[in-house]
Amino acid sequence: MTDAAGMTLVEKVRAALAEVADPSRAPAMQAYMKSAMPFLGVTAVPRRAALRRVFAEHRLESAPEWRRTVLALWREAEFREERYAAIELSGFRYYKPWQTLYTLPMYEEMIVTGAWWDFVDELAVHRIGPLLRLFPETMRPLMLEWAHKPDRWKRRTAIICQNSFKAGTDLGLLYACIEPSLPDIDFFTRKAIGWALREYAKTDPAEIVRYVGHQGISGLSRREALRNVPSQG
């Protein structure tokens, strides 16, 4: 059940998105994203500006209320931008102290039910990744577990969650999360492997050149991994 303040925020978000929508853009946006859920036609810059204003004006007072409001926006969304708003609310600066292990069920639901790269990548890199930094003793085994799941979006999350870690990357964890997906022919899984390796190649290109020599790396993953490595792409 969503609190009164949460319901007000949900309503204000919907109104703010509608106000900056350009319906003429909506069909092309839906086609590009291959989305069954329709778009309002709100591009990223006006969307983020409108949401920052609404979030600042309607601050939620407790972590449970915040989580319930995020999930209300997510579950009740009629347009894809409303789900983008739920993701942005989940990362809004006011609520940084509430990024704890209690958020895991919320993020897991959003990853599994979102089931597409535009939702999952933001959640993986900017929500699950920071939790891994903060709570490695819990998150490391969880990512290893997700890496073996049949759900490709959980596996993608486990693979790319360290994409912003640079030299702080737990390379053993990265490789352990990649390994179960090496035989997978799914495009999004192979792209995730390549993307994660490409990000770490910015820190240690020689190590990634060594790693992609592994016979199990697909051509797609290899090309992605070595894209920015001189004479290796």
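## Exercises on pockets and two loop residues

The second largest pocket holds about 180 Å³ of space. Keep in mind as you work that this is a predicted model.

**Exercise 1.** Find which residues line the second largest pocket, and sort the lining by class.

*Solution.* Start with the names: Gly91, Phe92, Arg93, Lys96, Gln99, His126, Arg127, Pro130 and Leu134 form the lining. Next, sort them: three are nonpolar, three polar and three charged.

**Exercise 2.** Describe the largest pocket: its volume, its central residues and the helices that line it.

*Solution.* First, the volume is about 400 Å³. Second, 14 residues line this pocket, and the closest to its centre are Arg47, Arg48, Tyr84, Asp118 and Glu122. Third, look at the helices: H2 (26–33), H3, H5 and H7 (117–134) each give at least two lining residues. H7 provides the largest share, five residues. Finally, the classes: seven nonpolar, seven charged and no polar residues make up the lining.

**Exercise 3.** Decide whether Thr103 is buried or exposed, and locate its surroundings.

*Solution.* Begin with its place, the loop between helix H5 (80–90) and helix H6 (104–114). Its relative accessible area is 0%, and buried means under 20%, so Thr103 is buried. Beyond its neighbours within four places in sequence, Thr103 is in contact with Trp66, Arg67, Trp98 and Leu131.

**Exercise 4.** Now work through Arg59 in the same steps.

*Solution.* Arg59 sits in the loop between helix H3 (44–57) and helix H4 (63–75). Its relative accessibility is 46%, so Arg59 counts as partly exposed. Leaving aside neighbours within four places in sequence, Arg59 is in contact with Tyr94 and Tyr95.

Terms used: Residues numbered from 1 in each chain as written. Predicted model: local features only at pLDDT ≥ 70, side-chain atom pairs only at ≥ 80, totals over all residues. Heavy atoms only, no water. Helix = DSSP H or I, 4+ residues; strand = E, 2+ residues; numbered from the N terminus. Buried < 20%, exposed > 50% of the residue type's maximum accessible area, 1.4 Å probe, protein only. Contact = heavy atoms within 4.5 Å. 1 Å grid on protein atoms, 1.4 Å probe; cavity = no way out; pocket = protein on both sides within 12 Å on 5 of 7 lines; lining within 4 Å. Points joined across faces, edges and corners; volume = space filled by probe spheres on them. Nonpolar A, V, L, I, M, F, W, Y, C, P; charged D, E, K, R; others polar.
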